[in-house]
Amino acid sequence: AGPLRALARRARSVLADLLLPAGYPRSVCGEYERFQLWDTLQGAASGLRGALVRQASLRARGVGNASTSVAQTAFADMGVVAAGVVTVLAMARSVDPGRSCRAVRAWRVWQACIGCACSALSFAAGLVAGPGPRFALRAASHAVQAALAPRGGGAAQGLVLHLSRGATDAARRADVAA
């Protein structure tokens, strides 16, 4: 039992070093564990949603359709990305990270809603017929993400500062943010 117990302790130590912030639990606030649990579950659900959306997105790009060429797909993808870039440039002046920082919980709910809405748009793009509607739905999804995601920067940073107990050390904040 001795060598097995030592191996288990070593494995636990290695896992803690890989998964927990340096100095844990003293380096983080009390609700860090509960937050991480729910954040991990949200990430897993998001990954599942992403797999479904990727399948629909591939259909929207013409994968499996003999009449769609690589050039058509590349051109459509450039248009979708351009829609996002134009949106970011147009919205950049109105971004106020402080607003999302003052309402972290509300912003996290908004982020989830935005993610679901964009996923629905991408999924719908895989179901509709014709390149025009597909392009419009994909471009809309990309533009919504591009317009709204930067607005949550304050919330993300505020949450990291809270969970790291107001750490001023950038390495410690990055460790907690991971």
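This is a short tour of the model above, stop by stop, with something to select at each one.

**Before you click**

You're looking at a predicted model, in which local features need pLDDT of at least 70, side-chain atom pairs count only at pLDDT 80 or more, and totals for chains, interfaces and linings use all residues. Residues are numbered from 1 along each chain as its sequence is written, and side-chain values use heavy atoms, with hydrogens and water left out.

**Stop 1: the whole chain**

Start with a cartoon view of everything. There are eight helices and zero strands, and from the N terminus the order reads α-α-α-α-α-α-α-α. (Helices are DSSP runs of H or I with at least four residues, strands are runs of E with at least two, and both are numbered from the N terminus.)

Now switch to the C-alpha trace, which spans about 65 × 45 × 25 Å along its principal axes. The radius of gyration of the chain is 21 Å, while a compact globule of 178 residues would come in near 16 Å. (That radius is taken over C-alpha atoms, and the globule rule is 2.2 Å times the number of residues to the power 0.38.)

Turn on a surface next. The accessible surface comes to about 11,700 Å², and 66% of that belongs to carbon and sulfur atoms. (Areas are from the Shrake-Rupley method with a 1.4 Å probe; for residues, only the protein chains shown count as cover.) Of the 178 residues, 24% count as buried. (Buried is under 20% relative accessible area, exposed is over 50%, and partly exposed is in between, with a 1.4 Å probe and protein chains only.)

As for who touches whom, take the contacts between residues at least 6 apart in sequence: 72% of them join residues at least 24 apart. (Contact is heavy atoms within 4.5 Å.)

**Stop 2: the charges**

Colour by charge. The chain has 21 positive and 8 negative side chains, with the centres of the two sets 6 Å apart. (Lys and Arg count as positive, Asp and Glu as negative; His and the chain ends are not counted. Each charge is placed at NZ of Lys, CZ of Arg, CG of Asp or CD of Glu.)

Side chains of opposite charge can pair when their charged atoms come close. How many salt bridges does a search of the whole structure find? Two. (A salt bridge is a side-chain nitrogen of Lys or Arg within 4 Å of a carboxyl oxygen of Asp or Glu.)

Select Arg108 and Asp39 for one of them: their side chains meet at 2.9 Å, N to O. This pair links distant parts of the chain, with Arg108 in α5 (residues 104–127), Asp39 in α2 (residues 32–60), and their positions 69 residues apart. Arg108 is partly exposed at 26% relative accessibility, and Asp39 is partly exposed at 28%.

Then pick Arg102 and Asp96, whose closest N and O atoms are 3.9 Å apart in a salt bridge. Here Arg102 is exposed at 64%, while Asp96 is partly exposed at 35%.

**Stop 3: inside α5**

Stay on α5 and select Ser119. Ser119 is buried, with a relative accessible area of 12%. Leave aside its neighbours within four places in sequence, and Ser119 is in contact with Arg49 and Val53.

Slide along to Ala125, also found in α5. Is Ala125 buried or exposed? Buried, at 0% relative accessibility. Draw a C-alpha distance from Ala125 to Val70 and you get 18 Å, for two residues 55 apart in sequence.

**Stop 4: α7 and the residue after it**

Select α7 (residues 153–163) and show side chains: Gly154, Ala155, Gly158, Leu159, Val160 and Leu163 are buried. An α-helix has 3.6 residues a turn, so residues three or four places apart point the same way.

Past α7, click Arg165 in the loop between α7 and α8 (170–177). Its phi is near 60°, a positive value in a residue other than glycine. Arg165 is exposed, at 52% relative accessibility.

**Stop 5: back to the N-terminal end**

Most residues other than glycine have a negative phi, and most peptide bonds are trans. For a cis one, select Tyr24 and Pro25, where omega is about 5°. Pro25 sits in the loop between α1 (2–19) and α2.

Finish on Arg12 in α1, which is exposed at 67%. Draw one last C-alpha distance, from Arg12 to Gly64: 46 Å, with 52 residues separating them along the chain.
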